[in-house]
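The exercises below ask you to work through a structure step by step, with a solution after each task. Please keep the sequence and the model open beside you as you read.

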Amino acid sequence: MKHIIWAASLLLSLPAVASENIAAVGSTTVLPVVSQAATAFHAMHPDVKVMVSGGGSGVGIAAMIQGTAQLGMASRETSPEEQAKLDGKVDNIIIASDAVAVVVSKAVYMSGIHALSLAQIADIYRGKVRNWKDLGGADARILVIDKEASRGTRHVFAKAVLGSSHARAAGASIISGSNNEEQSIVSRSNNAIGMLSNAWLNDAVRGVDVIVHGQAIAPTIEHVRDGTYPIARGLHVLLAKNASKNTRDFVQFLLSHDGQAIVQKVGYLPVH
Amino acid sequence: MMVRRLCKKWVIYPFIKHKVRHFLNPLKIFVALGCVSAVLSVLVLLGFLIQSSLPFWQAFGIQVLWGDAWYPYESLFGFLPAIVGTVWALLIAMIIALPCGLAAAIVSSEMMSETWRNLVRVGMEILAGIPSVVYGLIGLWLLLPFLQHSLDLLTGHNLLAAGMILSLMILPTIMVMSQDALQAISEEQRESAMNLGVDWQQRLFRVLLPQAWPGIRSGILLALGRALGETMAVMLVVGSMDRLPEPFYNILEPAQTLTSRIGREMGEASFGSLHFSALMGCGLILAVMAMGLSLLAQHRSLIR
Amino acid sequence: MKWFLMLLALPAFLFPLASLVYILSHAWDSLSWSLIFGAEESSSMIEAGQGLWPQIIGSLWLMLWACILSLPVAISLALFHALYASRRQQRGLMMILQLLQGIPPIVYGLCGLIVLVHLLHWGISLAAGGVILAVIVLPLLTSNMIHALERIPMEQTESAKALGLSPVQIIGRVWLPLVWSGVLTGILLAMARALSETAPILFTATVFSGVDWPDSMLSPVTSLQTHIFYLAQEGSDAHAVGVAWASAAILLMLILCFSLLALVLRRLEEKV
């Protein structure tokens with residue numbers, strides 16, 4: 001009996017290692033950078049673990065307000081209400097910039113849709129245009145992919161295209177969550193349009209140019225850098241003012257040369 | 001010492017029956033502690049569910065149940081699209097799973113040898129244990145592309161897909177429960193039916209099925225309860241579009257269910273906000289519906 | 001008629017079997033030891049290449065805590081049912097257990113989120129997940145134990161009482177040898193159940209990545225269930241999807257171990 005108790009207590013007592021856990025929560029756009037940086041940081045500081053999870057910018061900001069995470073990730077500015085709750089408690093640090101690309105399925109791109117104006121995109125999302133034919137493409141209904149209201153990408157996109165960050169999209173036909181989920185819906189369809197960070201573009205998911213003042217501008221890092229692409233944004237991490245030294249070190253690492261190399265590798269524009 | 005005496009008087013005494021009063025009987029203390037902690041934990045959990053959805057009900061009243069606009073950022077909380085979606089998903093699941101499951105139960109219970117019957121049963125019990133997220137994976141990667149191509153849809157995410165996945169999940173429940181009910185019919189009753197000279201088909205519909213009906217009915221209600229609360233699989237395939245199907249029988253467009261809404265929006269709603277409390281409201285509706293189904297399933301004499 | 005029924009029943013036998021085969025065949029390509037123990041370098045944007053070991057550990061920890069926490073409570077409820085409850089109390093207890101079993105797991109997850117994560121400030125943690133899963137498996141475990149105790153022949157208990165044995169002695173010497181296999185079956189089924197729940201731990205216990213061994217009860221974990229969920233949405237990354245299938249196969253095998261063992265035990269018991 002004694003042996004059993006002893007073995008059980010051994011099994012149950014979790015080894016207490018003197019290490020620190022940093023929970024990073026939020027935008028799935030920022031997630032790849034922080035996640036890869038976390039692995040690199042852990043290699044340098046074995047006693048620090050950065051635990052990364054997604055959920056969206058709104059989730060990250062909510063977690064900082066509630067104090068359930070040490071690091072928030074957001075792919076948009078904080079709203080005034082959020083700012084009021086966060087005020088004085090959190091530093092908002094931009095670690096990279098990217099473009100919110102207007103993406104279409106490969107088939108749509110091949111059928112001749114290479115560029116859309118902001119007004120055309122707005123018409124699609126408001127439900128005024130429902131067929132690719134009206135925009136010069138093939139005769140097919142448009143699969144309009146909207147995002148969950150909490151997603152930073154949606155805020156930025158809706159603000160640039162529809163005028164306000166929480167504008168309704170009456171033309172939407174499906175709601176997606178993370179960037180990965182949206183990417184998979186676009187690549188599986190032949191008629192989809194959606195919004196994605198430029199790092200998620202690939203052969204099956206093509207970014208169309210956005211027409212500004214008669215000029216078609218591709219969603220590339222270069223156009224984010226020179227400021228011509230209209231739907232660009234900063235990628236933020238939120239750091240509590242009373243954060244631990246290791247958490248600060250990790251943010252410093254994100255801003256360092258090595259951290260910014262990861263930013264570049266993922267496909268975003270470094271801050272320097 | 002004082003504390004111990006108080007404990008004896010107020011915590012342990014009332015629990016001990018007057019006949020056997022062993023003071024501080026360890027067995028009784030153990031049992032009492034267990035019962036109290038079970039009751040407490042369940043009450044606390046469900047109590048807080050009600051408590052935290054209260055601000056929402058106070059602010060909007062019961063009419064949210066038939067409001068059709070859900071825009072949390074505009075403080076519009078209409079539950080109707082999700083409720084309609086849930087009901088559709090359940091209905092589709094039942095339409096597929098009930099005939100199949102019942103037929104499978106009849107085949108395995110009335111037409112198979114004992115060895116095969118046991119084998120099928122073990123298989124079904126194992127299938128009932130497959131986690132829902134795995135069904136979601138199958139739905140996402142097998143069912144959605146299939147639906148999209150075969151029905152030439154804009155997207156495979158829709159209520160039909162959710163219903164089909166759910167039907168796969170509740171099939172074992174319906175089958176096992178129906179099989180149990182059929183097997184429970186005694187040999188005498190079977191034989192007396194044989195002696196009446198009715199053929200196999202008549203025996204099935206006049207004797208066996210009516211006899212087994214209460215058991216089958218609880219099986220159906222249990223399965224409905226399971227389908228109602230299923231989250232992961234539904235969330236992955238339903239499309240999460242908060243809009244009433246148009247027209248109302250259009251099950252080939254993305255829609256929303258109560259569970260998928262909770263799953264999608266739980267993370268973003270900050271604790272204490274109206275949105276959070278609205279989602280708790282969704283949870284409360286789910287709990288009430290599920291408890292209703294469970295009570296119906298237990299109330300055997302209700303329909304006969 | 002018979003043929004019609006057979007035809008109708010065919011999908012019920014075929015489809016579940018087919019999906020099982022489908023999972024295993026897809027998982028076969030990506031299952032390997034290095035996948036589990038994680039030797040390979042991360043290749044995708046999301047780190048799917050770290051190995052599944054942490055997820056397996058996390059799932060098992062959650063399962064273990066759920067059983068450890070609910071076992072004593074279940075035993076005491078079953079003993080209350082067998083020793084002290086009146087007829088009416090017994091019926092009431094069974095009814096409540098069925099009622100609780102009918103409540104969807106996600107509802108328990110929500111309750112846990114409010115009470116444990118927010119009000120008690122446990123945060124997203126192993127402890128919160130363990131308690132929630134314990135409450136979820138409690139009705140199942142308790143009713144299994146009650147049924148095991150009910151199968152004890154009355155005469156045995158009566159004769160033990162006539163011999164003047166105390167309740168504790170009756171339980172230890174007479175009941176335990178008779179019911180241990182039934183109790184074990186119940187525990188195994190509860191374990192399988194705890195392993196298969198996903199929704200209630202998604203917001204209360206798990207993060208996406210960064211944990212390989214939970215340092216304390218208040219540290220979050222990763223789990224196979226939620227890992228499958230995250231990876232399922234990885235549309236265009238073939239590697240990640242392969243890992244999702246492999247995780248599903250591993251999870252299934254774990255669950256099958258427990259439920260098959262339970263079935264074997266039950267068979268043995270029925271034969272005795």
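A salt bridge is a side-chain nitrogen of Lys or Arg within 4 Å of a carboxyl oxygen of Asp or Glu. By this rule the structure holds 20 salt bridges over all chains. This is a predicted model, in which local features need pLDDT of at least 70 and side-chain atom pairs count only at pLDDT 80 or more, while totals for chains, interfaces and linings use all residues. Residues are numbered from 1 along each chain as its sequence is written, chains are lettered from A and ligands numbered from 1 in the order in which they are written, and side-chain values use heavy atoms, with hydrogens and water left out.

**Exercise 1. Describe the interface of chain B and chain A, beginning with how many residues of chain B are in contact with chain A.**

Step 1. Counting contacts (heavy atoms within 4.5 Å), one finds 24 residues of chain B against 28 residues of chain A.

Step 2. The buried area, which is the accessible area (1.4 Å probe) that two parts lose on being put together, summed over both, is about 2200 Å² between chain B and chain A, and carbon and sulfur atoms give 52% of it. Of the area that chain B buries against chain A, 31% is supplied by Tyr73(B), Leu154(B) and Arg264(B), more than any other three residues.

Step 3. Turning to pairs of atoms, the rule finds four salt bridges across the interface of chain B and chain A. Glu74(B) and Arg168(A) meet through their side chains in a salt bridge, at 2.9 Å from N to O.

Step 4. Eight residue pairs across the interface of chain B and chain A are in polar contact, both residues being at pLDDT 80 or more; a polar contact is a pair of N or O atoms within 3.5 Å, where within protein one must be able to donate a hydrogen and the other to accept it, and residues adjacent in sequence count only if both atoms are side-chain atoms. Helix α5 (residues 132-150) of chain B contributes five residues, the largest share of the side of chain B that touches chain A. Helices (H or I, at least four residues) and strands (E, at least two) are DSSP runs, numbered from the N terminus.

**Exercise 2. Which residues are linked with Arg264(B) in a network of salt bridges, and are the partners in the pair of Glu82(A) and Arg76(A) buried or exposed?**

Step 1. The network of salt bridges links Arg264(B) with Glu148(A), Arg151(A) and Glu181(A).

Step 2. Arg76(A) forms a salt bridge with Glu82(A), and their closest N and O atoms are 3.0 Å apart. Buried means under 20% relative accessible area, exposed over 50%, and partly exposed in between (1.4 Å probe, protein chains only). Glu82(A) therefore counts as buried at 16% relative accessibility, and Arg76(A) counts as buried at 3%.

Step 3. In the salt bridge of Arg206(A) with Asp203(A), the closest N and O atoms are 2.8 Å apart. Here Arg206(A) is buried, with a relative accessible area of 18%, whereas Asp203(A) is partly exposed at 46%.

Step 4. Glu125(B) and Arg266(C) meet in a salt bridge between their side chains, at 3.6 Å from N to O. Because Arg266(C) lies in helix α11 (residues 238-271) of chain C and Glu125(B) in helix α4 (residues 114-128) of chain B, the pair joins two chains. Arg266(C) is partly exposed at 28% relative accessibility, and Glu125(B) is partly exposed at 22%.

**Exercise 3. Locate backbone features of chain B, starting with the question of which peptide bond is cis, with omega near -15 degrees.**

Step 1. Most residues other than glycine have a negative phi, and most peptide bonds are trans.

Step 2. The peptide bond from Glu246(B) to Pro247(B) is cis, and Pro247(B) lies in the loop between α9 (232-237) and α10 (258-265) of chain B.

Step 3. Ser75(B), although not a glycine, has a positive phi of about 55 degrees. Ser75(B) sits in the loop between β1 (70-71) and β2 (76-77) of chain B, and it is partly exposed, with a relative accessible area of 37%.

Step 4. Asp152(B) is not a glycine either, yet it has a positive phi of about 55 degrees. Asp152(B) is found in the loop between α5 and α6 (159-183) of chain B, and it is exposed, with a relative accessible area of 69%.
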